[in-house]
Amino acid sequence: MAKLSQTSPLNGYDQHIGDMRLREIHDMDLIALAVPHKGGTKLKRAIKDGLGMSMPTAVKSSSGDRTRLLMTQPDQVFVMSPRTAQAEKTIAKSIGNAAYITDQTDAWVVLELSGPSSRAALERICQVDLNAGVFKLNQMARTTMEHMGSIVIHNGKDSFLLMSGSSSAASFLHAVELSAKHVS
Amino acid sequence: MSNNFRIDVKKSAGLIDRTQPMTFKFNSKTMHGFQGDTLASAMLANGERLVARSFKYHRPRGIFSAGSEEPNALVQLRTGAYQEPNTRATTAELFDGLTATSQNHRGPLGFDIMSATDLLSPFLGAGFYYKTFMWPAAFWEKLYEPIIRASAGLGSLSMLEDPDKYDKGFLHCDLLIAGAGPSGLSAALAAGRSGARVIIADEDFVLGGRLNAENHTIAGMSGHDWAQQTLAELAAMDNVRILPRTTIFGAYDHGIYGALERKTDHLPHAGDKPRQVLWRIYSKHALICAGATERSIAFANNDRPGIMLAGAVRAYANRWGVATGKQVAIFTNNDSGWQTASELSAKGVNITAIIDPRDTAPRAHIAGATIVMGASVCNTAGRKALHRITLTNGQTLNADCLGVSGGWSPNVHLTCHQRGRPVWNDDIAGFVPGGDLPVGQTIAGAANGDMTLGAALSAGHKAANGIVKELGFTNSRAQVAKADDETFAIKQFWHVTGHKQRAWIDLQNDVTTKDVKQSQAEGFKSVEHLKRYTTLGMATDQGKTSNVLGLAVMAEATGKTIPETGTTIFRPPYNPVAVGAFGGRERGQHFHPTRLTPSHRWADEQGAQFVEVGNWMRAQWFPKQGDKTWRDAVDREVIQTRASVGVCDVSTLGKIDIKGTDAAAFLNKMYSNPFAKVPVGRVRYGLMLREDGICYDDGTTARMSENHFVMTTTTANAVLVYRNMEFARQCLFPDMDVHLISTTDQWAQFAVAGPNARAVMAKIVDKVDMSNDGFPFMACADVTVCGGTPGRLFRISFSGEIAYEVAVPARYGDALIREIMDAGAEFDITPYGTEALGVMRVEKGHVTGAELDGRITAFNVNMNGMVSVKKDSIGATLSRREMMVAENQVRLVGVKPVDKSDTLSAGAHFIAPDTAPTTQNDLGWISSVCYSPHFEQHIGLGFLKGGHKRHGEIIRAWDGVRGTDVDVEIVSPHMYDPEGGLQRG
């Protein structure tokens, strides 16, 4: 029996639109850590010890060397880190039993929109105020774009990570791509 | 005819670029204008007076104003599918190749046969329709209304799909400034210099408001130059965003304002870009600097082409270098009209007369003009264009243009959108904003009654400084720009009396002083009644030039003051907004997102027919060559699955991972049946109840480890179940250690069913004892597949066959379906879609949403034993209410036509033999039907009173909608393999 090959939701989409680059990020794992009841302090310590990072907040992600932590709800943290063969086991090595671990890599599609006009494009679909003075580097927000639940993260100068459900990845890409085309 | 009315460039260059000529067409007539013109200014420059017909009487009408308040000059712009009716020529920016046509006439514009309506005007006053078309009632819809609609109206739609694109968006700011006139620009400067984030929007394409139309001086330069200098400074600020061609059309809750930006309306073609963008602006504070609109005076025949607002006459001369006539007369009750006369005279335009009803000394000496104080214009002549006016002193004067000024009304519209009620200000003879403004809204400039330049500049500056300081910014030390206040004096003078002819108040809706008086005489004295009885102010211009005039005439008729009479208020939008803009990009397939299953690409390659299931696209069936109907494919898929093996993508079913030391206890609360003691490695079917005891979902939940369960829900209820469980977790059981996360999109899951399912799965799954003992019915496990890919395996069956569901991370889904098909090739495996899935579940007697329709309890589906009495769970108590478990309640049954050739229809009612199909005799209904290739006939599921005890009875399935009446046998719902031996085998 042949080993199963992988496909990403958008087949590695990567395009330049005007002064922007829109691409699918498909080389990262996404792991959900659920905080056990009254286990916040323990998890905070485990993240510090195991990942060398601080707990993110609801509005600001923690950014480390190729690893990013997102607080996606009060008792849930997402770890975005380079792709491994067995994501849950890999993260478990770092934080032990300080959290309930669930692989979410395939549940989300991650886009990166970067370039001078990226904010202008996102204005068309994202109701979050992405002004550089307001939505500062590493800030994140859960929101909706074109009826799709999404997460937006400011990951660099004029650059944003955009996450949404993988099953509607094509619709999500279309929404972002169309916005970019409309302003380019 | 070519720009005969353009003023010599040396006398009035205007803000047009005469080196950039443009050609346009109006009613097939080719004319020329310049860049910077509006359609109206270009038509006036070409001497085009007659541009429209009035709404009701089809009276000849010309251009009346120079802005968005225009009631007359509504035209259809562009052609074909791009045609847009009811566009104001006064705001349509001229572009090379523009095409416009007049509207609301039969025959040529100059010879509209519907103008005969005007001759019948004595019979067509206010309330005419209400009184006349009362009988016979049946005539209204098919005769009267079509005739009235055909004869009275505005433009027409192309009846083609709008090819333009629209978009929407979100903007944020500390301070939104609506209007870029003197007060708006002054405010933007103050706020921008403080560092606050400012958005300043204006509907015009040249910002500056009246500064572009007047000869004002600010800080030693022309008003227009000051505006341009100010805009340049603002444009250089990162914290300021300037939105030209943008109308703030509505003030909504929480500081949110609606704005329409016209992106490409001024271009011949929009290309692939949106024509308009509808912005939702989130502001911390809003400053309304919307200016003021001039209004007219009502006198006999005051609607002829050539009779215009005096301020507009001035604007055309100053901004566009256009003389609106060769012999211009002015009729004014305030100083603004005199300003028009002075400025036009200075540009060499012949002013024939100034008529002012005030008994004062003339405000100025105008060379060559007849000045008549204490008199009024009482009539005019000129059918298609004005050529003579008659004064109350008996004098007649030749004039081809009459500029009328009855004063200026502050634009208070945005202050009214949350029920704010304006108050009367005698000093300016106009309504100003009242105290009940929307939260976070301030008004400045002429919109607030600051009617002179210096006052407007100062008010904007002061208001902005106050707002930004409150928002935490430090005011700039820069002073407000200096400007003189022009004279502003007015006499309240609304209409000229002593005649029997019609004097128009509302030009767009053809409302006259006579109509207002008739409204009063017939008891419709309230302003709200006046508006609805006469249609005053109800057209696309929302009565911008007519409301105050109408109220004043009503006040006079009732002997009240204007404040006592009151005013109607305004609602959004300030100006018309295309419906397409509200829709934005959400058209056709863009209307909602589409979810694709992991095997979608593969299924598409197989030629699958897809069906929308919520947002999902699921394979409905897989046609093959030779299939004559969809049934051929579905029958084949069912037969082949039951005979050998089939595979179906079931990834759309909701999947929820439940983790925590209290996960089992939590599920025990969620499901009506016990879950606390489900062993690790086992799956259990569960029933979920609403709090009122009604079943709303069912599914299987697998215990993967001591503290980890995987729940499946129906596709339709995935979100609802998750939401309800999250509510229970957070609000009902906050002390439980339990966590939920949706993994629906994480896993690609395939059902492999049929006698050869085990053999196929043995080739797919690594190192698992697939024997019935090794992996029995309702077993589950974390596994690897295809040589190491992590996965999950469940021994569950929806079809009634021996079946497995295998799940892998979604990225492997496409590869796995191909591997399963390869592995099953030797067994002639078939993919099956939702139709075959549905057939097999009906044969098996499994319920879905068609049965669990929001009225059905566990008792109804013969599962009352699954509502445990040994524990508490959501909905359990209320499910035991007496009436819900009464013997005469409907129960789930299977149903087969007695005659195997008969068909069944879902929705048919069960009726006993020899009884009438009435509500009283209704015994239940059929909820699901299908053709069963296994039984070779139609079968169905349904609910029948006491049905569990009526197996074997013959009754009727009566369908009044489809006109069928079929004898049916009631059978067990578990029609296929009722003992369940196959799925356990």
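## Backbone features in loops

D914(B) is exposed, as 6 other C-beta atoms lie within 10 Å of its own. In this predicted model, D914(B) belongs to the loop between β46 (909-911) and β47 (922-932) of chain B. Its phi is positive, at about 65°, although D914(B) is not a glycine. A comparable entry in chain A is D158(A), a residue other than glycine with a positive phi near 55°. D158(A) sits in the loop between β10 (148-156) and β11 (159-165) of chain A. With 16 other C-beta atoms within 10 Å, D158(A) is partly exposed.

Most residues other than glycine have a negative phi, and most peptide bonds are trans. Against the second of these tendencies stands the peptide bond from P572(B) to P573(B), which is cis, with omega near 0°. P573(B) is found in the loop between α14 (562-565) and α15 (579-583) of chain B.

## Contact between the chains

In the contact between the two chains, 38 residues belong to chain A and 41 residues to chain B. On the side of chain A that touches chain B, the elements giving two or more residues are β3 (28-34), β7 (100-103) and α4 (169-183) of chain A. Of these, α4(A) gives the most, with four residues.

The composition of this side of chain A is twelve nonpolar, 18 polar and eight charged residues.

## Nonpolar cores

The largest nonpolar core has 166 residues, and the members with the most contacts inside it are L175(B) and L287(B). Helix α10 (residues 453-470) of chain B supplies the largest share of this core, nine residues. A second, separate core has 164 residues, including A32(A) and I125(A) from chain A and V638(B) and A810(B) from chain B.

Leaving aside residues up to four places away in sequence, L287(B) touches L175(B), I177(B), A187(B), T442(B), A444(B), A463(B), A464(B) and I467(B).

## Packing of α5(B) with α10(B)

Two packed helices are described by the angle between their axes and the distance between the axes. For helix α5 (residues 182-194) of chain B and α10(B), the axes come within 7 Å and cross at roughly 30°. The helices α5(B) and α10(B) are therefore roughly parallel, and their crossing is right-handed.

On the α5(B) side, the residues in contact are P182(B), S183(B), G184(B), S186(B), A187(B), A190(B), A191(B) and S194(B). They meet residues of α10(B) that include L453(B), A456(B), L457(B), G460(B), A463(B), A464(B), I467(B) and V468(B). By class, the residues of this contact divide into twelve nonpolar, seven polar and no charged. A187(B), A463(B), A464(B) and I467(B), which take part in this helix contact, are also among the residues touched by L287(B).

## Packing of α11(B) with α13(B)

Helix α11 (residues 513-521) of chain B packs against helix α13 (residues 547-558) of chain B at an angle of about 45°, and their axes are 9 Å apart. At this angle α11(B) is therefore oblique to α13(B). The crossing is right-handed.

From α11(B), the residues T513(B), V516(B), K517(B) and Q520(B) meet G550(B), V553(B), M554(B), A557(B) and T558(B) in α13(B). This contact comprises four nonpolar, four polar and one charged residue.

## Two buried strand residues of chain B

A178(B) lies in strand β8 (residues 166-178) of chain B. The residue counts as buried because 32 other C-beta atoms lie within 10 Å. Apart from residues up to four places away in sequence, A178(B) touches A201(B), I248(B), A286(B), I288(B), C289(B), A290(B) and L414(B). C416(B) is 238 residues from A178(B) in sequence and 14 Å from it in space, C-alpha to C-alpha.

I199(B) lies in strand β9 (residues 198-201) of chain B. Its 25 C-beta neighbours inside 10 Å are the reason why I199(B) counts as buried. With residues up to four places away in sequence not counted, I199(B) touches L171(B), C173(B), L176(B), R241(B), L243(B) and I281(B). I199(B) and V240(B) are separated by 41 residues in sequence and by 5.8 Å in space, C-alpha to C-alpha.

Conventions. Residues are numbered from 1 along each chain as its sequence is written. Chains are lettered from A and ligands numbered from 1 in the order in which they are written. This is a predicted model: local features need pLDDT of at least 70, side-chain atom pairs count only at pLDDT 80 or more; totals for chains, interfaces and linings use all residues. Axes are lines fitted to C-alpha atoms, for helices over the stretch in contact, and angles run from 0 to 180 degrees between N-to-C directions. Angles under 35 degrees count as roughly parallel, over 145 as roughly antiparallel, 65 to 115 as roughly perpendicular and the rest as oblique. A crossing is left-handed if the near helix is turned anticlockwise from the far one by less than a right angle, and right-handed if clockwise. Two residues are in contact if their C-beta atoms, placed from the backbone, lie within 7 Å. Ala, Val, Leu, Ile, Met, Phe, Trp, Tyr, Cys and Pro count as nonpolar, Asp, Glu, Lys and Arg as charged, and the others, Gly among them, as polar. A nonpolar core is a set of buried Ala, Val, Leu, Ile, Met, Phe, Trp, Tyr and Cys residues joined through C-beta atoms within 7 Å. A residue is buried if 20 or more other C-beta atoms lie within 10 Å of its own, exposed if 12 or fewer, and partly exposed in between; C-beta atoms are placed from the backbone.
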